[in-house]
Amino acid sequence: MKILTAEFIRSCAGPEQFLQGDLPEVAFIGRSNVGKSSLINSLLQRRGLAKVSRTPGKTRLVNLFRITSDDPGLARFVLVDLPGYGYARVSKSLRAEWAPLIEQYLDGSEQLRAVVVLVESRVVSEQDRETIAWLLSVGRPPIVVATKVDKLKMSERIKTLRRLHEGLGLTEEAIPYSSTTGEGRDRLWAALKERIRT
Ligand SMILES: Nc1nc2c(ncn2[C@@H]2O[C@H](COP(=O)(O)OP(=O)(O)OP(=O)(O)O)[C@@H](O)[C@H]2O)c(=O)[nH]1
Ligand SMILES: [Mg+2]
């Protein structure tokens, strides 16, 4: 899987800025600081395409990227980087502002083929659980990715991933991912291809 081009389209502050057209869309969502920007950069093998921020909770807009690859199953698609949710240090009113934007996108997009929910392997938050339950309730079963697995010792890995699986009430296995080592990249591409094809 080789990415040929990856270009930023725009940041959307409202639904009128979402894309029209027929390109399939793949969206990424997760708690702030879960490693979303790092995962997008590692997936696309583009350093710094999605900002890896040192200030958690910075990304509050829906960011769109146009991607082309050498894989016929995923030749052209749009990657959607959704705002991080649930960062405690951000005020409630600010959070109230962008949660509707996320829901409008996830509920309304006709081209959306897959939603990837990122969760941190060792931390199961109530909001992760709610997001996954909500996606199931609107008929968009997500692909769940467990981030930063390089931080887990081999001895704790199985137990931690099992706890995550049970804690989130998953039906499908989460994909273990590390942006540091590249683990999980092929598996995630395969999962995305499956969703885009069908
Ligand atoms: N060890 C390890 N650290 C990671 C990994 N992915 C991200 N990090 C670190 O986690 C922190 C947050 O990473 P980001 O990719 O900016 O996370 P984000 O979810 O985009 O964060 P916001 O956009 O600020 O909400 C950074 O310090 C990264 O270096 C990983 O796979 N392994
Ligand atoms: Mg980010």
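In what order do the strands of the open sheet run? In this predicted model, the sheet has 7 strands, and reading across it gives β1-β3-β4-β2-β5-β6-β7, with mixed pairing. As a bit of background, strands of a sheet pair through backbone hydrogen bonds, and they can do so parallel or antiparallel. At the edges stand β1 and β7, each with a single partner strand, so one side of each has no neighbour in the sheet. Take the pairing of β1 with β3: these two run antiparallel and are joined by 8 bridges. Within that pairing, Thr5 sits opposite Thr68 in β3.

Helices pack against this sheet. Helix α3 lies across β5 and β6, and its direction is at about 160° to β5. Helix α5 also packs on the sheet, where it touches β1, β2, β4, β5, β6 and β7. The direction of α5 makes about 150° with that of β5.

Then there is α1, which is largely enclosed by the rest of the structure, because 8 of its 9 residues are buried. Those buried residues are Lys36, Ser37, Leu39, Ile40, Asn41, Ser42, Leu43 and Leu44. Right after α1 comes Gln45, a residue in the loop between α1 (36–44) and β3. Gln45 is exposed, with a relative accessible area of 54%.

What else stands out about the backbone at Gln45? Gln45 has a positive phi of about 50°, even though it is not a glycine. For context, most residues other than glycine have a negative phi. Lys148 goes the same unusual way, so to speak: its phi is positive too, at about 55°, and it is not a glycine either. Lys148 lies in the loop between β6 (143–147) and α4, and with 22% relative accessibility it counts as partly exposed.

Now for the nonpolar interior. The largest nonpolar core holds 28 residues, and the ones that touch the most other members are Ile29, Val62, Val80, Leu82, Tyr105, Leu106 and Val117. Many elements chip in: β1, β2, β3, β4, α2, β5 (112–120), α3 and β6 each supply at least two residues of this core. Val117 gives a feel for the packing. Leaving aside neighbours within four places in sequence, Val117 is in contact with Ile29, Tyr85, Thr131, Ile132, Leu135, Pro142, Ile143, Val144 and Val145. Apart from this core lies another one, made of 27 residues, including Ala50, Phe77, Tyr177 and Leu192.

Tyr105 turns up again among the aromatic pairs, of which the structure holds 3. The rings of Phe18 and Tyr105 have their centres 5.3 Å apart and their planes at 85°, so this pair is edge-to-face. The two residues come from distant parts of the chain, 87 residues apart: Phe18 is in the loop between β1 (3–12) and β2 (25–30), while Tyr105 is in helix α2 (residues 92–108). Both Phe18 and Tyr105 are buried.

Charged side chains make links as well. How many salt bridges does a search of the whole structure find? The count is 9. One of them joins Asp71 to Lys193, with the closest N and O atoms 2.6 Å apart. Asp71 lies in the loop between β3 (62–69) and β4 (76–81) and Lys193 in helix α5 (residues 185–197), so this pair ties together parts that are 122 residues apart in sequence. Asp71 counts as buried, at 15% relative accessibility.

Another salt bridge, between Arg129 and Glu126, stays inside a single helix. The closest N and O atoms here are 2.8 Å apart, and the two residues are separated by about one helical turn, because they are 3 residues apart in helix α3 (residues 126–137). Arg129 is partly exposed, with a relative accessible area of 32%, and Glu126 is partly exposed at 46%.

Glu173 and Arg187 also form a salt bridge, this time with the closest N and O atoms 3.9 Å apart. Glu173 is in the loop between α4 (154–167) and β7 (175–176) and Arg187 is in helix α5, so the pair ties together parts 14 residues apart in sequence. Glu173 is exposed at 60%, whereas Arg187 is partly exposed at 42%. Finally, Lys148 makes a return: salt bridges with shared partners join Arg31, Glu120 and Lys148 into one network.

Terms used. Residues are numbered from 1 along each chain as its sequence is written. Chains are lettered from A and ligands numbered from 1 in the order in which they are written. This is a predicted model: local features need pLDDT of at least 70, side-chain atom pairs count only at pLDDT 80 or more; totals for chains, interfaces and linings use all residues. Side-chain values use heavy atoms; hydrogens and water are left out. A salt bridge is a side-chain nitrogen of Lys or Arg within 4 Å of a carboxyl oxygen of Asp or Glu. Helices (H or I, at least four residues) and strands (E, at least two) are DSSP runs, numbered from the N terminus. Buried means under 20% relative accessible area, exposed over 50%, partly exposed in between (1.4 Å probe, protein chains only). Rings of Phe, Tyr and Trp (its six-membered ring) pair if their centres lie within 6.5 Å; planes under 30 degrees apart count as stacked, over 60 as edge-to-face and the rest as tilted. A nonpolar core is a set of buried Ala, Val, Leu, Ile, Met, Phe, Trp, Tyr and Cys residues joined through side-chain atoms within 4.5 Å. Contact means heavy atoms within 4.5 Å. Two strands pair if DSSP finds at least two bridges between them. Axes are lines fitted to C-alpha atoms, for helices over the stretch in contact, and angles run from 0 to 180 degrees between N-to-C directions.
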